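Okay, let's get going. I'd like to walk you through this one piece by piece, so have a look at the screen.

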Number of protein chains: 2
Amino acid sequence: MAQPKSASRAAGTRKRTRIQREKEEIILEAALDVFSTHGFRGATIDQIADHAGLSKPNLLYYFRTKEAMHRQLLDQLLESWLRPLHEIDAQGDPISEIQSYIGRKLELARDFPRESRLFANEILQGAPRIQEELVELRDLVEEKAQIILNWIRQGKLAKCDPHHLIFSIWSTTQHYADFDAQVTVVLGDAKKTKDRFEDAGRFLSQLYIGGLKP
Amino acid sequence: MAQPKSASRAAGTRKRTRIQREKEEIILEAALDVFSTHGFRGATIDQIADHAGLSKPNLLYYFRTKEAMHRQLLDQLLESWLRPLHEIDAQGDPISEIQSYIGRKLELARDFPRESRLFANEILQGAPRIQEELVELRDLVEEKAQIILNWIRQGKLAKCDPHHLIFSIWSTTQHYADFDAQVTVVLGDAKKTKDRFEDAGRFLSQLYIGGLKP
DNA sequence: GTAATCTTTGACCAGTTGGTAAATTTTTGA
DNA sequence: TCAAAAATTTACCAACTGGTCAAAGATTAC
């Protein structure tokens, strides 16, 4: 007999079997595909099951609800999402710290566009399922905003509002993942993804060096 | 007897009655609310009907399908959406042309956030319903990119990729509408919307003046 | 080998969804 | 005023939705 109580508790404490680990990974991969392009409400369990090549009841054996899949994806996402901001070093050179922050964010947008869109969908729809996590994000932003303010006070950076500086970096970098459909039409299919991100990196580098030099 | 064929053809050629004009406006207003927060697939006709204070069949008397409402919203949107870019004047002063373009885009984000989110939702989901319209957008971008390139050749603007310049302006300005839920958490509820957009305007002004001056 | 456990499936269900049909009520124009 | 047109409502439907259940099939540990 099935034991959904333990098996489907993906983040459970009981040790998971090999099959559990494999199937859960397959399911999350499929769920990421579907959630990131249709949003939570627009996605259906059947779609995810199709993508995963599993039956619907089989999916629900590993994750008790659609929301459980969504939640686990978001939880996994947020950690890696905040890491680049975390890595900003108060001891480093301000301009190059910000440059490499932009570089790391661009890499994330290039290598994990689905994750970016999953997050964008959630925020766009009012962030109903990640209010708590956003508080964590706010605290991290506050911490880094203070570092930036100190840099400004020390005359190492042009005077500016650090919050809006961070917002602008988020938006310009994530734009290439979230609005990929638009970017592709404007630049033409011919432009390869790799070139596109290199061009973007050059442009943003120049923009922020010019705009932030004291 | 009802004549859905003509009445529900919202953009029809037959002259519309007073009631038709009023109700269609009410419905589109409600549809904008719902579509912009849930996306096309996530929105239901019942929700829109509730928002509009009408019965579901009554809604479908004015718009034959859910898709018809969505399409009309997008059609109306795109014109006003492209206007700020249209207004960039090749004869004007480059830096101040770009400054006022940013200003106009920020105003749109402030005054029409739902429209911005409707558009964002559509692009995020791969722009399945507005591929044709995006081609129009591409041509306009190409035209303005040429103007910017000329400015650069004349030494009036720092050398940069005009496409990515436009992308960065789109993303930084629309961010305040599309990611409002996140911005509000980070800045705190206390910060009034008006102040927020003024701060953003100041920051972006500085960033682009510094980054684009030749 | 075999019993206990884990995995998968097919049949099913109640609620929701987009949309329809016909009858009724309201508005309009002569 | 009154009939034609327009607007609204009630009742309805088939397809889809998230999710359940019990039974059958596959693995595992001894």
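Let me start with a single residue: A:Arg129 is buried, at a relative accessible area of 18%. Keep in mind that this is a predicted model. Where does A:Arg129 sit? You'll find A:Arg129 in the loop between α7 and α8 (131-153) of chain A. And which residues does A:Arg129 touch, if we leave out those up to four places away in sequence? That list is A:Phe40, A:Glu67, A:His70, A:Arg71 and A:Glu122.

Okay, on to the rings. Over all chains, the structure holds 12 aromatic pairs. Take A:Trp81 and A:Phe119: they make a tilted pair, 6.4 Å centre to centre with 45° between the planes. A:Trp81 belongs to helix α5 (residues 66-86) of chain A and A:Phe119 to helix α7 (residues 113-124) of chain A, so this pair ties together parts that are 38 residues apart in sequence. Both rings are out of sight, too: A:Trp81 is buried, and A:Phe119 is buried as well.

For contrast, go over to chain B. B:Tyr61 and B:Tyr62 pair up edge-to-face, with 5.0 Å centre to centre and 80° between the planes. How exposed are these two tyrosines? B:Tyr61 is partly exposed at 27% relative accessible area, while B:Tyr62 is buried at 5%.

There's a cluster to look at as well. Ring pairs join A:Phe167 and A:Trp170 with B:Tyr176 and B:Phe197, so if you're rotating the view, pick residues from both chains. Some rings also have a charge over them. The charged end of A:Lys105 sits over the ring of A:Trp81, 4.8 Å from its centre. In chain B, the charged end of B:Lys66 sits over the ring of B:Phe40, at 4.7 Å from the ring centre.

Next, helix α10 of chain A, residues 180-187. Is this helix mostly covered or mostly open? Mostly covered: 7 of its 8 residues are buried. The buried ones are A:Ala181, A:Gln182, A:Val183, A:Thr184, A:Val185, A:Val186 and A:Leu187. What covers them? From chain A, the cover includes α9 (162-178) and α11 (193-212). From chain B, it includes α7 (113-124), α8 (131-153) and α9 (162-178). Right after α10(A) comes A:Gly188, with a positive phi, near 90°.

That brings us to how the two chains go together. Chain A superposes on chain B by a rotation of 180° with 0.0 Å of shift along the axis, and the RMSD is 0.0 Å. The two copies are thus related as by a two-fold rotation axis. As for the interface, 100% of the interface residues of chain A are also interface residues in chain B, so the copies meet through the same surface.

Last topic, the cysteines. How many disulfides are there over all chains? The count comes to 0. Why does A:Cys160 have no bond to B:Cys160? The sulfur of B:Cys160 is the closest cysteine sulfur to that of A:Cys160, but it is 20 Å away, which is too far for a bond; the cut-off is 2.5 Å. Seen from the other side, the sulfur of B:Cys160 has A:Cys160 as its closest cysteine partner, again at 20 Å. Both cysteines count as buried, with A:Cys160 at 10% relative accessibility and B:Cys160 at 11%.

That's my tour; let's talk.

How values were computed:
Residues are numbered from 1 along each chain as its sequence is written. Chains are lettered from A and ligands numbered from 1 in the order in which they are written. This is a predicted model: local features need pLDDT of at least 70, side-chain atom pairs count only at pLDDT 80 or more; totals for chains, interfaces and linings use all residues. Side-chain values use heavy atoms; hydrogens and water are left out. Copies are superposed by least squares on the C-alpha atoms of residues with pLDDT of at least 70 in both. Contact means heavy atoms within 4.5 Å. Buried means under 20% relative accessible area, exposed over 50%, partly exposed in between (1.4 Å probe, protein chains only). Helices (H or I, at least four residues) and strands (E, at least two) are DSSP runs, numbered from the N terminus. Rings of Phe, Tyr and Trp (its six-membered ring) pair if their centres lie within 6.5 Å; planes under 30 degrees apart count as stacked, over 60 as edge-to-face and the rest as tilted. A charge sits over a ring if NZ of Lys or CZ of Arg is within 6 Å of the ring centre and within 35 degrees of the ring normal.
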